[in-house]
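Grab a pencil and work through a few exercises on one chain. Try each task by yourself before you read its solution.

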Amino acid sequence: MNAREELLKIVRCPIEHTPLHEADAELLDRLNRAIEQQRVIDRLGNPVTDPVPAALVNEGESWLYPVIDNIPCLIADEAIAVQPWQRPEPSPGTDDSTGPT
């Protein structure tokens, strides 16, 4: 068993205390598109502006923790909530702010 596998056996989500696993390429792609569109904030409400090349995500895929220079950032306040940016991206030319008429 390599060091990465050993680490994943012991680390837990600091918020929910559930096991973590590596985020797959599809999740990272959606996250990075949302970051480009300025739709991602951390747990404290700070905007996430840098692309995330790798991340760990909890079992329920509700919290994501960026991996920077092969080091997981497991600070709860810097966690990224997955659900808010998972909403469908707005279609070009639509304006959802007006509501029903």
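Below are five exercises, each with a worked solution.

This is a predicted model, so to speak of local features we need pLDDT of at least 70, and side-chain atom pairs count only at pLDDT 80 or more, while totals for chains, interfaces and linings use all residues. Residues are numbered from 1 along each chain as its sequence is written, and side-chain values use heavy atoms, with hydrogens and water left out.

**Exercise 1. The cores**

Find out which residues of the largest nonpolar core touch the most other members, and which helix gives the most to this core.

Step 1: get the terms straight. A nonpolar core is a set of buried Ala, Val, Leu, Ile, Met, Phe, Trp, Tyr and Cys residues joined through side-chain atoms within 4.5 Å. Buried means under 20% relative accessible area, exposed means over 50%, and partly exposed is in between (1.4 Å probe, protein chains only). Helices (H or I, at least four residues) and strands (E, at least two) are DSSP runs, numbered from the N terminus.

Step 2: pick the hubs. The largest core has 15 residues, and Leu27, Leu31, Val40, Leu64, Ile80 and Trp85 touch the most other members. At least two core residues come from each of α2 (25-36) and β2 (55-58). With five residues, α2 gives the most.

Step 3: look for what sits apart. There's a second, separate core of eight residues, with Cys13, Leu56, Trp63 and Tyr65 among them.

Step 4: zoom in on one hub. Contact here means heavy atoms within 4.5 Å. Skip the neighbours within four places in sequence, and Leu31 is in contact with Val40, Val52, Leu64, Ile80 and Trp85. As a general rule, nonpolar side chains in soluble globular proteins tend to be buried together.

**Exercise 2. The strands around β2**

Work out how β2 pairs with β1 and with β3, and which way its side chains point.

Step 1: count bridges. Two strands pair if DSSP finds at least two bridges between them. Strand β1 (residues 20-22) runs antiparallel to β2, joined by three bridges, and Glu22 stands opposite Leu56.

Step 2: do the other side. Strand β3 (residues 63-68) also pairs with β2 in the antiparallel sense, over three bridges, and here Ala55 stands opposite Pro66.

Step 3: check the faces. Ala55 and Val57 point one way from β2, Leu56 and Asn58 point the other way, and all are buried. In a regular strand the side chains alternate between the two faces of the sheet.

**Exercise 3. A polar residue in β2**

Is Asn58 buried or exposed, and what does Asn58 touch?

Step 1: read the accessibility. Asn58 counts as buried because its relative accessible area is 0%.

Step 2: find a polar partner. A polar atom of the Asn58 side chain lies 3.0 Å from the backbone nitrogen of Trp63.

Step 3: list the surroundings. Not counting residues up to four places away in sequence, Asn58 touches Cys13, Glu16, Thr18, Pro19, Leu20, His21 and Trp63.

**Exercise 4. Salt bridges**

Track down the salt bridges, and say which pair links distant parts of the chain.

Step 1: set the cut-off. A salt bridge is a side-chain nitrogen of Lys or Arg within 4 Å of a carboxyl oxygen of Asp or Glu. The structure holds three.

Step 2: scan α2. Arg30 bridges to Glu26, with the closest N and O atoms 2.8 Å apart, and Arg33 bridges to Asp29 at 2.4 Å. Arg30 and Glu26 are four residues apart in the helix, about one turn, and so are Arg33 and Asp29. Glu26 is exposed, at 55%, while Arg30 is partly exposed, at 25%.

Step 3: look further afield. Asp77 pairs with Arg43, the closest N and O atoms being 3.9 Å apart. This pair links distant parts of the chain, 34 residues apart: Asp77 is in the loop between β4 (71-72) and β5 (80-81), and Arg43 is in the loop between α2 and β2.

**Exercise 5. Positive phi**

Where do Glu61 and Asn70 lie, and what is the phi of each?

Step 1: place Glu61. β2 and β3 form a hairpin with four residues between them, and Glu61 sits in the turn with a positive phi of about 50 degrees. Glu61 is partly exposed, at 31%.

Step 2: place Asn70. Asn70 lies in the loop between β3 and β4, with phi near 65 degrees. At 67%, Asn70 is exposed.

Step 3: put that in context. Most residues other than glycine have a negative phi.

Key: A polar contact is a pair of N or O atoms within 3.5 Å; within protein, one must be able to donate a hydrogen and the other to accept it, and residues adjacent in sequence count only if both atoms are side-chain atoms.
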